[in-house]
Amino acid sequence: CAASRQATCGAACIPVPWLCDGEQQCPDGTDEQAGCECCSVPPVCGVKKVQCPGTHHCIPHWELCDRHQDCEDGWDEEGCPQQPCLPGQWQCRNRVCITADWKCNGIDDCGDSSDEDVCAPCPPGMVRCDEGKCILESLMCNDEDDCLDGTDEPSTCGKLHAAARHYLRGWGLHNCLPAYSCQVCSARVDIGSGDLYWLAFLHLSCPRTHVPCRDGTECVAQEYVCDGEKDCVDGSDEDGCAQLCDTPGRCCSLYPCGLGTCLNASLVCDGRQDCADGSDEGGNCSVPCQRSCARLCYPSPKGPRCWCDPGYQLAEDGLSCTDIDECTELGKGVCSQTCLNAPGSYSCGCLPGYLLEPDGHICKLTGPEPVLLVAVQSEVLSYGLRSGHEEVLLTTDKDRVVFSLDYDLVERKIFWMDLATESIRWQDLNSGKKGTLVKGVRSDCIAVDWLGRNLYWTDGAAGQVLATRLGAAWRGTPEYTVVMDGDLDRPHSLVLQPLAGLLYWSEVGSHPRLMKATMDGSQRHVLLAQELGWPTALALDLPTWRIFWLDEKLGSVGSARLDGTSVKVLHLRWVRSPFAAAVCEGQLYWSDRKPWSVQEVDKISGKSRTVVLKRRGQPHGLQVAVWGSPEPTNGCAKSNGGCAQLCLPNP
């Protein structure tokens, strides 16, 4: 046997991770005999993690010496130096150390609320020290410790100052640093990271789908312009929106005031100033309406104007009215699922299994409450999306991590990837029975075909997509099929569309892309190969016929139709290290490993971010479970398609 990877099992060899994994592989049981608790276990941890001695349990390196016992025997707290907190941590008033990212996240992680007390904004022209005190912005990088902890003088100050001066001289700017008071440029130190940022006029570069704010400090999505909410700090994304009063999507009976607001046309030239600047009165208000308007005419300071009833807009001739197709003009937010245009109006509809809310726009699932299934360390949690009720559905051994997961809605089973034992395991939620589906595999993502009764997974290192039967039982020999091989460049996330017999996956290699194929691996084609960095989390939203992805490298949320058209990308600063994603109704959910949380945003706008779950452990797999038993419709659902072993659907 290969000494580093295999162990002797009678006359055969087994992988070392199968030793002491709770299941007997050797006929004489020697792989599970007494002494397992003290046997040596090879390293199984990834980058930036350490292994608790004698176990498969991996902990992030920042949990070493954090005054909290994370290894069962307390090894991670032995022989620790006497220092306040480790790099990447923040010390609370009660001397507890927390991950620095947890500060100012709206949750009392310290227990004494000190991580949230320091979050009130400093006055203009001042910045906050890491300890909580506010100091003048001009005191940053002045070679004096104005913050008690010295965070206003990071080691990068001198080097970045020199680089900034060199850069700004190229623009003819010589006096911008270190005073930071020039009108044409500014500099700021991020206390947490020690990075120095400077901005020069004409230098801000926004993605193609975004526009710059007037102050030049940030970019916002084009969809956020004139949406009624100020997304730029200076509010410039809502300035000048009066010009949109008479454009499609706005009722054409609105009159633009001079200060950016819209006024009902019936209030114009009525002898009372309704616009704040009085621009709705005076001028040519006395000129009578003598135009041949198809519908109505109203006087205005600019002379008579034609206008139309709600649901109609002026034609190019300025006289006649044409119907507004709200389903197209108002965008995808007008109805959450289906939209039907009608003359002067429109109506929203819902797919089977959904009910239209009283607002006439939003569709909600009927039947049992949808729940989030979330893998956090060695547990799988259930979180009710209506009630907020939390429950631990299953717990594995403490030294094992539940990685990717999925569920079988027919038999109410949860399947998960166990990296420590290189196996895919399952548990029946009704009986509590557990088992192993297949061993000797490693995967970042698994996906259940509840209709064809198969389970698929990706192997990024081997560049493969594989599958096995849901009803398979481990008998000592792996029983699975390679569905796709060859030109796959590090396949990562994987989602299925069982009713259509299709699968979608992301590739995060040198040329990232989103791919699509039938479930038997044929009819492969590229769905998207542009505007991608590391698309690490995929989710399908079948009611709107779209696929969503989160990109770790670009910090973005993207979506497209299932044919690869109508691509939309939003760059969101809180997308940091997404692992898995799911869509339910109007929300996009994802697990993020850096802030150790599950978050949600509005799937269309990317706004209304909320932290749904946060635990002392990294979240990995995530699914939205809607339990039920849909009628099978594909060829493999009945009698396994007549196949003796594995049946893979091909629509």
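## Disulfides in the model

A disulfide is a pair of cysteine sulfur atoms within 2.5 Å. The structure discussed here is a predicted model, and a search of the whole of it finds 8 disulfides. The paragraphs below follow some of these links, beginning with Cys293 and Cys306.

## The link of Cys293 and Cys306

Cys293 and Cys306 are joined by a disulfide whose sulfur atoms are 1.8 Å apart, and with -75 degrees about the S-S bond this link is left-handed. Cys293 lies in the loop between β14 (262-264) and β15 (296-298), while Cys306 belongs to strand β16 (residues 305-307), so the pair ties together parts that are 13 residues apart in sequence. As for accessibility, Cys293 is buried, and Cys306 is buried too.

## The link of Cys213 and Cys232

A further disulfide joins Cys213 to Cys232, with an S to S distance of 1.9 Å, and the value of -85 degrees about its S-S bond makes the link left-handed. The two cysteines connect distant parts of the chain, 19 residues apart: Cys213 sits in the loop between β11 (210-212) and β12 (219-221), whereas Cys232 sits in the loop between β12 and β13 (254-256). Both of these cysteines, Cys213 and Cys232, are buried.

## The link of Cys327 and Cys339

Cys327 and Cys339 also form a disulfide, and their sulfur atoms are 1.9 Å apart. The torsion about the S-S bond of Cys327 and Cys339 is about -80 degrees, so this disulfide is left-handed. Here the link runs between a helix and a strand, since Cys327 is in helix α3 (residues 326-329) and Cys339 is in strand β19 (residues 338-342), distant parts of the chain that are 12 residues apart.

Is Cys339 buried, exposed or partly exposed? Its relative accessible area is 29%, and because partly exposed covers the range between the cut-offs of 20% and 50%, Cys339 counts as partly exposed. Two other cysteines fall under the lower cut-off: Cys445 has a relative accessible area of 11% and is therefore buried, and Cys584, at 5% relative accessibility, is buried as well.

## A sheet of four strands

Strands of a sheet pair through backbone hydrogen bonds, and the pairing can be either parallel or antiparallel. In this model, one open sheet has 4 strands in the order β38-β39-β40-β41, and its pairing is antiparallel. Its edge strands are β38 (535-541) and β41 (568-571), each of which pairs on one side only. On average, and with direction ignored, neighbouring strands of this sheet are turned by 15 degrees against each other.

Within the sheet, strand β39 (residues 546-551) and strand β40 (residues 556-561) pair in the antiparallel sense over 6 bridges. Which residue in β40 is the bridge partner of Asp551? The partner of Asp551 is Ser556.

## The protein as a whole

Turning from single links and strands to the full chain, the protein has 3 helices and 46 strands. Of its 651 residues, 45% are buried. The accessible surface of the protein comes to about 31600 Å², and 51% of this surface belongs to carbon and sulfur atoms.

The contacts of the protein can also be described by how far apart the partners lie in the sequence. Among the contacts with a separation of 6 or more, 35% are between residues 24 or more positions apart.

Note on methods:
Residues are numbered from 1 along each chain as its sequence is written. This is a predicted model: local features need pLDDT of at least 70, side-chain atom pairs count only at pLDDT 80 or more; totals for chains, interfaces and linings use all residues. Side-chain values use heavy atoms; hydrogens and water are left out. Buried means under 20% relative accessible area, exposed over 50%, partly exposed in between (1.4 Å probe, protein chains only). Two strands pair if DSSP finds at least two bridges between them. Axes are lines fitted to C-alpha atoms, for helices over the stretch in contact, and angles run from 0 to 180 degrees between N-to-C directions. Contact means heavy atoms within 4.5 Å. Accessible areas come from the Shrake-Rupley method with a 1.4 Å probe; for residues, only the protein chains shown count as cover.
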